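User: I am new to this structure and would like to learn how to read its features one at a time. Could you take me through them slowly?

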Amino acid sequence: MNIAIIGRTEALYTTANYLMKNGHCIKLIVTDKEALEYSKTAEDFRLFSRKIGAGYLCTSRINFKKHFIGRFGKIDIGISINYTRAISQDIIDMFPLGILNAHAGDLPRYRGNACPNWAIINGEKEIGLCIHKMVGKGIDSGDIVAREYLKISIKTKIGYVYDWLIGKIPILFLKSINKLRSNPVYFLEKQSSDSRRILRCYPRISEDSKIYWAKSNVEIVRLINASSKPFSGAYCFYGRRKIIIWDAELCHDKERYCAVPGQVSCINGENGSVVVITGKGKMRIKEIGCGNLRCLPEKIIKSIRIRLE
């Protein structure tokens, strides 16, 4: 089938290559400026379009580019990941089979932005990945065509989730395209419009990853995992120095103590880790960043008389 690729991210770039290897033709690529955490840029998509002879458009205003899209003849279906704007219905209707979107959330719950990050923070047991039909101006609200789940735990970092998504999304897109080629009205599940089942997730910014030590050790470890690479990391302060915590785990010991949250209770000279007391329980910090340095915590945190703040 003839396909339009719409959006950004490494997952979309990988999907385009995967679909071509499986006999489909990429006729058009529409992208926009990449986010800081993306490994594939708008320039990468431009070079890819030139390599395969596809049309290319870098814009946040796809809804005003109907004439441009029409230049490329019949395009059967659109494939979208993380485009910067809601796509209007008249653009969707240009493709006989509509536009499919890959969404890293268990629809109809976890609609919107940063859904895997929020799922980790909220302590979910699994993260959903859905391929769904787009509806004009709607937020992740079309019928679901395919779905998979990733089991997660208190140890799961967002980078691991992204790796899973990059590997799984192309496979689910191919499966969905083949289903629709055989049956254009196919869907796995019609999405509920019941507001009680919908959880709208809003964007996260770097300031949202500030650690508040009065929270529990479980809450803080989840925040660290949800903020780690490819994002900017959860952070706190040690004196005047900003510390990014890249890796931490729960710490369980039998010590009875009186302490203010943020108190450093142990600096381990053998493995370089540091144990910190939180509002409920302790956690062990295993890797930090400070300025341009990424290191063991003991390289920076050297005294129990200076609290983390």
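User: Let me begin with a single residue: in which loop does Ala114 lie?

Analyst: This is a predicted model, and what follows should be read with that in mind. Ala114 belongs to the loop that runs between β6 and α5. Its phi is positive, at about 50°, although Ala114 is not a glycine. With a relative accessible area of 25%, Ala114 is partly exposed.

User: Which other residue that is not a glycine has a positive phi, and is that residue buried or exposed?

Analyst: Tyr110 has a phi near 60°, again a positive value in a residue other than glycine. Tyr110 sits in the loop between β5 and β6, and because its relative accessibility is 4%, Tyr110 counts as buried.

User: Where do I find cis peptide bonds, and in which loops do their prolines lie?

Analyst: One cis bond runs from Leu107 to Pro108, with omega near 5°, and Pro108 lies in the loop between β5 (99-103) and β6 (111-112). Another runs from Lys229 to Pro230, with omega near 15°, and Pro230 is in the loop that links α7 to β10.

User: How should I describe two helices that pack together, and what are the angle and distance for α1 and α6?

Analyst: Two packed helices are described by the angle between their axes and by the distance between those axes. Here the axes of helix α1 (residues 10-21) and helix α6 (residues 158-182) come within 9 Å and cross at roughly 45°, which means that α1 is oblique to α6. The crossing of this pair, α1 and α6, is right-handed. On the α1 side the contact is made by Glu10, Ala11, Thr14, Thr15, Tyr18 and Leu19, and on the α6 side by Ile166, Ile169, Pro170, Ile171, Phe173, Leu174 and Ile177. Sorted by class, the residues of this contact of α1 with α6 are 10 nonpolar, two polar and one charged.

User: Taking one residue from that contact, what does Ile166 touch beyond its neighbours in sequence?

Analyst: Once the neighbours within four places in sequence are left aside, Ile166 is in contact with Glu10, Ala11 and Thr14. Ile166 is itself part of helix α6, and at a relative accessible area of 21% it counts as partly exposed. Measuring along α6 can also be instructive, since Ile166 and Ser182 are 16 residues apart in sequence and 26 Å apart in space, C-alpha to C-alpha.

User: At what angle does α1 pack against α2?

Analyst: For α1 and helix α2 (residues 42-52) the angle is about 15°, with the axes 11 Å apart, and therefore α1 is roughly parallel to α2. The crossing of α1 and α2 is left-handed. In this contact, Leu12, Tyr13, Ala16, Asn17 and Met20 of α1 meet Asp44, Phe45, Phe48 and Ile52 of α2. The residues of the α1 and α2 contact comprise seven nonpolar, one polar and one charged.

User: How many residues of helix α7 are buried, and what covers them?

Analyst: Helix α7 (residues 217-227) is mostly covered, with eight of its 11 residues buried. Those buried residues are Asn217, Ile220, Val221, Leu223, Ile224, Asn225, Ala226 and Ser227. What covers them includes α5 (115-121), α6, β10 (234-238), β11 and β14 (282-290).

User: Which residues does Glu249 touch, apart from those up to four places away in sequence?

Analyst: Glu249 touches Val221, Met283, Arg284 and Lys286. Glu249 is found in strand β11 (residues 241-251), and with a relative accessible area of 32% Glu249 is partly exposed. Although Glu249 and Val221 are 28 residues apart along the chain, their C-alpha atoms are separated by 6.3 Å.

User: How many disulfides are found in the whole structure?

Analyst: A disulfide is a covalent bond between the sulfur atoms of two cysteines. A search of the whole structure finds zero disulfides. Cys201 is in no disulfide, and the nearest cysteine sulfur, which belongs to Cys115, is 4.1 Å away. Cys201 counts as buried, at 4% relative accessibility.

User: Why is Cys251 not bonded to the closest cysteine sulfur, in Cys266?

Analyst: The sulfur of Cys251 is 7.8 Å from that of Cys266, and this is too far for a bond. Cys251 is also buried, with a relative accessible area of 7%.

Notes. Residues are numbered from 1 along each chain as its sequence is written. This is a predicted model: local features need pLDDT of at least 70, side-chain atom pairs count only at pLDDT 80 or more; totals for chains, interfaces and linings use all residues. Side-chain values use heavy atoms; hydrogens and water are left out. Axes are lines fitted to C-alpha atoms, for helices over the stretch in contact, and angles run from 0 to 180 degrees between N-to-C directions. Helices (H or I, at least four residues) and strands (E, at least two) are DSSP runs, numbered from the N terminus. Angles under 35 degrees count as roughly parallel, over 145 as roughly antiparallel, 65 to 115 as roughly perpendicular and the rest as oblique. A crossing is left-handed if the near helix is turned anticlockwise from the far one by less than a right angle, and right-handed if clockwise. Contact means heavy atoms within 4.5 Å. Ala, Val, Leu, Ile, Met, Phe, Trp, Tyr, Cys and Pro count as nonpolar, Asp, Glu, Lys and Arg as charged, and the others, Gly among them, as polar. A disulfide is a pair of cysteine sulfur atoms within 2.5 Å. Buried means under 20% relative accessible area, exposed over 50%, partly exposed in between (1.4 Å probe, protein chains only).
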